[in-house]
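Here is a short briefing on one protein model. It starts at a single residue and then widens to the whole chain.

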Amino acid sequence: MPNKLLSANATVPQWDRHNLVPRIVHLGFGAFHRAHQAVYADVLAAEHSSDWGYIEVNLIGGEQQIADLKCQDFLYTVAEMSASAWSGRVVGVVRQALHAQVDGTEAVLEALCQPQVAIVSLTITEKGYCHAPATGELMRDHPLIVADLAQPHQPHSAPGIIVEALARRRAAGLAAFSVMSCDNIPENGRVIAGVVCAYARQCD
């Protein structure tokens, strides 16, 4: 049986990737993000000359995904299947890729503090919010939160990294970025706002 994917028509970037500006830092370079948000950004670049690019970050796990992305000039392919055909899209909106445990947390914080960064989006799964799902409140006894509060300038959790980056931007006179949760959890915006604000209050 022939491999339909290998013979599929693939859409490749026909626009100048060097014009992209990394305005979005995404935490959680998983399958959902690769097949949705990044694809939409790629469509905007291809069809509407958008210059919005991504910095992709994994905090815990997914080391190989980031390593592969670096080796592929920050390109990857999304395959779509219908009843009659396969198609592929080479996504070209990624400008940089980092892993906190490989490249270091400081490299992630430096990326978040780039002046042009306007959005920090997240697909880190429910566990990544370090919250109690029943209440939505920050788990102050979570091991990552305990460690971050002990060394707030060297955080490892998503709330800790966001708060430290916002503090550094404020100290540098830079505007805050918007934080956008894209995880499939109830009231995801309220959850991320709650844990970030609760963590920040603990740091004060």
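In this predicted model, I24 has a relative accessible area of 10%, so it counts as buried, the cut-off being under 20%. I24 lies in strand β2, which covers residues 21–27. UniProt includes I24 in a feature named "binding site".

**Surroundings of I24**
- Leaving aside residues up to four places away in sequence, I24 touches W52, G53, Y54 and I55.
- I24 also touches I119 and S121 under that same rule.

**The annotated site**
- The UniProt record places "binding site" at I24, V25, H26, L27, G28, F29, G30, A31, F32, H33, R34 and A35.
- Of these residues, L27, G28, F29 and G30 are included in the lining of the largest pocket.
- A35, also listed in the record, sits in helix α1, residues 31–35.
- A35 is partly exposed because its relative accessible area of 35% falls between the 20% and 50% limits.

**Overall fold**
- The protein contains eight helices and eight strands.
- Among contacts with a separation of 6 or more, 74% join residues 24 or more positions apart.
- Of the 204 residues, 41% count as buried.

**Dimensions and surface**
- The radius of gyration is 18 Å, which agrees with the value near 17 Å for a compact globule with 204 residues.
- The C-alpha trace spans about 60 × 35 × 30 Å along its principal axes.
- The protein exposes about 10,900 Å².
- Carbon and sulfur atoms supply 55% of that exposed area.

Conventions:
Residues numbered from 1 in each chain as written. Predicted model: local features only at pLDDT ≥ 70, side-chain atom pairs only at ≥ 80, totals over all residues. Heavy atoms only, no water. UniProt positions renumbered as here; feature names shortened; annotations may be inferred. 1 Å grid on protein atoms, 1.4 Å probe; cavity = no way out; pocket = protein on both sides within 12 Å on 5 of 7 lines; lining within 4 Å. Helix = DSSP H or I, 4+ residues; strand = E, 2+ residues; numbered from the N terminus. Buried < 20%, exposed > 50% of the residue type's maximum accessible area, 1.4 Å probe, protein only. Contact = heavy atoms within 4.5 Å. Rg over C-alpha atoms; globule rule 2.2 N^0.38 Å. Areas by Shrake-Rupley, 256 points an atom, 1.4 Å probe, with all protein chains shown as cover.
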